[in-house]
Amino acid sequence: MIDLVLVGIGTGNPEHLTLQAVRELNAADLILIPRKGDDKADLAELRRAICARVLTNPAIRIAEFDVPRRNTADPDYRRGVAHWHDAIAHAWNEAIHANLPRGGTVTLLVWGDPALYDSTQRIAARLNPPPKTVRSIPGIMSLNMLAAAHAIALNDIGAPFLVTTGRQLRDHGWPPGTDTVVVMLDGDCSFQHIRADAITIHWGAYVGMAEQILLSGPLAQTGPRIIAARAEARARHGWIMDIYLLRRHAGSVTEGG
């Protein structure tokens with residue numbers, strides 16, 4: 001039996017780890033580092049760098065495993081994701097049994113925070129046998145980093161804001177009931193599918209990291225600049241993680257609301 005600890009590491013900057021996160025990492029028997037292919041080798045290297053910087057316990061074992069690729073050809077998105085999560089859980093099981101056969105505390109470094117648009121907890125629920133305990137250690141979320149990088153507030157005074165995905169924005173338009181939308185998991189620059197009138201965008205890629213890129217301004221003028229900057233950054237690094245905030249102004253009209 002294992003105790004599983006999911007440690008949020010923010011956006012990859014070791015200075016953004018909480019004291020709790022550092023303590024939990026040093027209490028692990030085994031730390032698992034996922035490898036997501038050569039095109040995302042930087043993500044594994046960042047996890048290695050964090051461990052090298054904060055670990056003080058030489059007895060901790062660090063093991064790496066290859067993350068299965070998702071079958072994007074499946075027309076049923078949710079079914080494809082479910083099968084992918086099953087495959088990842090199997091990879092976890094194999095890595096844990098190979099490196100900690102007698103059980104103990106297994107820790108995974110989770111990008112951002114395990115509670116926000118992250119499936120680590122859902123994958124953990126697929127482990128067989130199930131962990132004795134599962135604990136989640138919060139990390140700095142990318143939307144916090146985006147707001148800090150642009151020195152903006154996420155919400156207007158007394159007003160709500162909504163966090164959604166690029167797929168939802170593209171398929172359903174502007175969410176009703178809010179003038180501020182934070183968009184994550186958007187590989188297609190879905191802001192192209194809403195009317196740009198009287199909307200400001202604050203965009204960031206690699207927020208909180210040395211590679212950070214920030215752009216902001218009226219969506220009509222800034223959107224094309226973001227599309228170009230995103231494509232160039234992805235080609236240069238082989239991967240990209242970005243997030244943006246859209247805020248519409250009084251009297252504006254957008255598709256979907």
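**View 1. The largest nonpolar core.** In this predicted model, the largest nonpolar core (buried Ala, Val, Leu, Ile, Met, Phe, Trp, Tyr and Cys residues joined through side-chain atoms within 4.5 Å; buried means under 20% relative accessible area, with a 1.4 Å probe and protein chains only) has 42 residues, of which L25, I31, W203 and L246 touch the most other members. Helix α2 (residues 41-54) contributes the most to this core, with 5 residues; helices are DSSP runs of H or I of at least four residues and strands are runs of E of at least two, numbered from the N terminus. Local features need pLDDT of at least 70 and side-chain atom pairs 80 or more, while totals for chains, interfaces and linings use all residues. Residues are numbered from 1 along each chain, and side-chain values use heavy atoms, without hydrogens and water.

**View 2. Surroundings of L25.** Beyond its neighbours within four places in sequence, L25 is in contact (heavy atoms within 4.5 Å) with residues including V7, L17, I31, I50 and T107.

**View 3. Salt bridge between E24 and R135.** The closest N and O atoms of this salt bridge (a side-chain nitrogen of Lys or Arg within 4 Å of a carboxyl oxygen of Asp or Glu) are 2.8 Å apart. E24 lies in helix α1 (residues 19-26) and R135 in strand β5, 111 residues apart. E24 is buried at 11% relative accessible area, whereas R135, at 36%, is partly exposed (between the 20% buried limit and exposed, over 50%).

**View 4. Salt bridge between K132 and D3.** The closest N and O atoms are 3.9 Å apart. K132 is exposed, at 54% relative accessibility.
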